[in-house]
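Trainee: I am new to this structure and should be grateful for a close look at one part of it. Please keep to that part at the outset, and then place it among its surroundings.

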Amino acid sequence: MGLNFVDIYNRSGIYPVQLPSGLGGEAAGVVEEVGSGVTDIKPGDRVAYGAAPIGAYAEARLIPADRLMKIPEGIDDKTAAAMMLKGLTTQYLIRQTYRVKSGDTILLHAAAGGVGLILSQWAKHLGATVIGTVGSDEKAKLAR
Amino acid sequence: MARLTSPEPGVYKRSRVGELLRCAVARLGIRHAQRPVLFRSGAGQDPFYPVAVESGEELQKGPYVAETFPVHVEDSYVIIENVRHVAPGFRLQPPSIIISSQEPSHDACHSLSQDRRSEVLVWEEVQVGKPGPGEARIRIRPWA
């Protein structure tokens, strides 16, 4: 499963969850069984999710099947689990909220964070110039 | 100083909202802001609430038996041992042990909010149920 800063908010109560509850919002795994009406995935499929009901801190869980994405070959479980939430956040920011295009210049705060690292690389790939802010030299090195 | 009156078991009224009640002996108390919270006084704080030890005859007798739980106060957590049995086939979320998380309080002490406690699972006793309509059961593979 992937760990995210928002997990801390859920745990401390800043972002309240209805108790009792698990924790964690993203993970990758293998489908063991599907319920009726599920046709897009089947047992044995490698899947990942990043916007499901809280409860990813688990060896196994039940989850709405429409929240699952099949993991392409070449991407291991660890990578898939760690990038879903950050990747989906990045996707809506630079492909939906504003469609970043070549020649754009972006100011990116927390460039060394989970979203920041993905967004900076993605935006650069799209041809944008990324100006990042970080809180330390170590983070600056990571962001570059 | 706040006063707490209780016309009957389980019902209480406080004289002033936001006041603080403390137990000088155990340095535990109940803070009444918006909700009751259990807290541990910060280091170096002198308890200010007078406490007297009364003989049993001085206490009001009644037909009531309080529900009690053993409580341990440690550096970062108050652990309330309230182990519940988990029924086989439970579809996740059965509370087992209640652990209260700790966070800084604006009263320069650490507070433990009852509504922010986390109810965790004894995983060995939990069985993830069969997926319902539209659901899938997934399992995380151990990472090498």
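Trainee: What kind of unit do strand 5, helix 3 and strand 6 of chain A make, and of which hand?

Mentor: The model is predicted, and what follows should be read in that light. Strand 5, helix 3 and strand 6 of chain A together form a β-α-β unit, and this unit is right-handed. I shall take its parts in turn.

The two strands come first. Strand 5 and strand 6 of chain A run parallel and are joined by four bridges. Within this pairing, A:T129 of strand 6 stands opposite A:T105. Strand 6 of chain A also has two unlike faces: A:V130 and A:G132 lie on the covered one, whereas A:T129 and A:I131 lie on the uncovered one. A:T129 thus belongs to the uncovered face and stands opposite A:T105.

Between strand 5 and helix 3 of chain A there is a loop, and three of its residues deserve attention. One of them is A:A110, which lies in this loop. A:A110 has a positive phi, near 55°, although it is a residue other than glycine. Most residues other than glycine have a negative phi. A:A110 counts as partly exposed because it has 17 C-beta neighbours inside 10 Å.

A:A112 is also placed in the loop between strand 5 and helix 3 of chain A. Is A:A112 buried or exposed? A:A112 counts as buried, because 20 C-beta neighbours lie inside 10 Å and the cut-off for a buried residue is 20 or more. Leaving aside neighbours within four places in sequence, A:A112 is in contact with A:L117, A:V134, A:K139, A:L142 and A:A143. In addition, A:A112 and A:G135 are 23 residues apart in sequence, while their C-alpha atoms are 8.7 Å apart in space.

A:G113 is found in this loop as well. With 19 other C-beta atoms within 10 Å, A:G113 is partly exposed, because a buried residue needs 20 or more. A:G113 and A:A143 are 30 residues apart in sequence, yet 8.4 Å apart in space from C-alpha to C-alpha.

Helix 3 of chain A, residues 114-125, follows in the description. Its 12 residues should span 16 Å at 1.5 Å a residue, and the C-alpha atoms at its ends are 17 Å apart, so the two values agree. The buried residues of helix 3 are A:V115, A:G116, A:L117, A:L119, A:S120 and A:A123. These buried residues pack against helix 2, strand 5 (105-108), strand 6 (129-132) and helix 4 (137-143) of chain A. Helix 3 is followed by A:G127, whose phi is positive, near 100°.

The surroundings may now be considered, beginning with the nonpolar cores. In soluble globular proteins, nonpolar side chains tend to be buried together. The largest nonpolar core has 25 residues, and A:V47, A:A48, A:Y49 and A:A81 have the most contacts inside it. Two or more residues of this core come from each of strand 1 (27-34), strand 2 (46-49), strand 3 (60-64) and helix 2 (77-97) of chain A, and likewise from strand 12 (135-139) of chain B. Helix 2 of chain A contributes the most to it, with six residues. Apart from this core lies another, of 11 residues, which includes A:V100, A:A111, A:A112 and A:A128. A:A112, described above as a loop residue, is thus a member of this other core.

Helix 2 of chain A, against which buried residues of helix 3 pack, also lies across strand 1 and strand 2 of chain A, running at about 20° to strand 2. Those two strands run antiparallel, joined by four bridges, and A:A48 in strand 2 is the bridge partner of A:A28. A:A81 touches A:A28 and A:A48, and also A:M1, A:G2, A:E26 and A:A27, when residues up to four places away in sequence are not counted.

Finally, strand 1 and strand 2 of chain A belong to an open sheet of five strands, in the order 3(A)-12(B)-1(A)-2(A)-4(A), with antiparallel pairing. The edge strands are strand 3 and strand 4 (69-70) of chain A, each of which pairs on one side only. Chain B, which supplies strand 12 to this sheet, has 12 strands and zero helices.

Methods. Residues are numbered from 1 along each chain as its sequence is written. Chains are lettered from A and ligands numbered from 1 in the order in which they are written. This is a predicted model: local features need pLDDT of at least 70, side-chain atom pairs count only at pLDDT 80 or more; totals for chains, interfaces and linings use all residues. A nonpolar core is a set of buried Ala, Val, Leu, Ile, Met, Phe, Trp, Tyr and Cys residues joined through C-beta atoms within 7 Å. A residue is buried if 20 or more other C-beta atoms lie within 10 Å of its own, exposed if 12 or fewer, and partly exposed in between; C-beta atoms are placed from the backbone. Two residues are in contact if their C-beta atoms, placed from the backbone, lie within 7 Å. The expected span of a helix is 1.5 Å times one less than its number of residues. Two strands pair if DSSP finds at least two bridges between them. A crossover is right-handed if, with the strands pointing away from the viewer, the path from the first strand over the helix to the second runs clockwise. Axes are lines fitted to C-alpha atoms, for helices over the stretch in contact, and angles run from 0 to 180 degrees between N-to-C directions.
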